[in-house]
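The following exercises are to be worked through with the sequence and the three-dimensional structure at hand. Each task is followed by a solution in steps.

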Amino acid sequence: MSPITRRFAVDADPEKAWQAIADIAAPNRLIDFLGVAYSILSSPFDLEHHHASMQITNDDTGTQFVWITDFAPDNAIDALTPAIDAGVASITRALSAEAV
């Protein structure tokens, strides 16, 4: 299995950032405060395994968003990386808009 990890700053209060992604927390997903874990059961990437988590943290550098995606087969990395990076850009834009 291969992981893709993205940690990036967001221009939002941690609680507001969590509210913006909380709709991801649907039934059959594991949820805790300021974090969510999920699995994709069917996708166009022909994955044998997928598990991801998103967490929002706050430290002296500000609010951080951490997204870890674990998947198999390893060769899916070429397809998944651009999709995850596009998701990072979308999340960053959305949370920056929330802060305005």
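**Exercise 1. The surroundings of R6**

Is R6 buried, partly exposed or exposed, and at what relative accessibility?

Solution. The model is a predicted one. The relative accessibility of R6 is 24%. Buried requires under 20% and exposed over 50%. R6 therefore counts as partly exposed.

Identify the salt-bridge partner of R6 and state which elements the pair connects.

Solution. Step one is the pairing: R6 forms a salt bridge with D85, and the closest N and O atoms are 2.7 Å apart. Step two is the position of each partner: R6 belongs to strand 1, whereas D85 belongs to helix 2, residues 77-99. The pair therefore ties together parts that are 79 residues apart in sequence. Step three is the accessibility of the partner: D85 has a relative accessible area of 34% and is partly exposed.

**Exercise 2. The other salt bridge**

How many salt bridges does a search of the whole structure find?

Solution. The search gives 2 salt bridges. Besides the pair of R6 and D85, R7 forms a salt bridge with D59, with 3.8 Å between the closest N and O atoms. The cut-off for such a pair is 4 Å. R7 lies in strand 1 and D59 in strand 4, residues 49-59, so this bridge ties together parts 52 residues apart in sequence. R7 is partly exposed at 49% relative accessible area, and D59 is likewise partly exposed, at 35%.

**Exercise 3. An aromatic pair**

Classify the geometry of the pair formed by F8 and F65.

Solution. The count of aromatic pairs comes to 1. In this pair, F8 and F65 are 5.0 Å apart from centre to centre, with 25° between the planes. Planes under 30 degrees apart count as stacked, and the pair of F8 and F65 is accordingly stacked. The two residues are 57 apart, F8 in strand 1 (residues 2-9) and F65 in strand 5 (residues 62-72). F8 counts as buried at 11% relative accessibility, and F65 is buried with a relative accessible area of 0%.

**Exercise 4. F65 and the nonpolar core**

Which residues have the most contacts inside the largest nonpolar core?

Solution. This core has 21 residues, and those with the most contacts inside it are M54, F65, W67, I91 and L95. Strand 1, helix 1 (14-21), strand 3 (35-38), strand 4, strand 5 and helix 2 each supply at least two residues of the core. Helix 2 gives the most, with 5 residues. Leaving aside neighbours within four places in sequence, the contacts of F65 include R6, R7, F8, M54, I91 and L95.

**Exercise 5. A loop residue**

Where is D74 placed?

Solution. D74 is in the loop between strand 5 and helix 2. At 41% relative accessibility, D74 counts as partly exposed. Beyond its neighbours within four places in sequence, D74 is in contact with M1 and S2. D74 and E48 are 26 residues apart in sequence, and their C-alpha atoms are 9.9 Å apart.

**Exercise 6. The whole chain**

What pattern does the protein chain follow along the sequence?

Solution. The secondary structure comes to 2 helices and 5 strands, in the pattern β-α-β-β-β-β-α. Of the 100 residues, 33% count as buried. Among contacts between residues at least 6 apart in sequence, 55% join residues at least 24 apart. The accessible surface comes to about 6000 Å², of which 54% belongs to carbon and sulfur atoms.

Notes: Residues numbered from 1 in each chain as written. Predicted model: local features only at pLDDT ≥ 70, side-chain atom pairs only at ≥ 80, totals over all residues. Heavy atoms only, no water. Phe/Tyr/Trp six-rings, centres within 6.5 Å; stacked < 30°, edge-to-face > 60°. Helix = DSSP H or I, 4+ residues; strand = E, 2+ residues; numbered from the N terminus. Buried < 20%, exposed > 50% of the residue type's maximum accessible area, 1.4 Å probe, protein only. Salt bridge = Lys/Arg side-chain N within 4 Å of Asp/Glu carboxyl O. Contact = heavy atoms within 4.5 Å. Areas by Shrake-Rupley, 256 points an atom, 1.4 Å probe, with all protein chains shown as cover. Core = buried A, V, L, I, M, F, W, Y, C linked by side-chain atoms within 4.5 Å.
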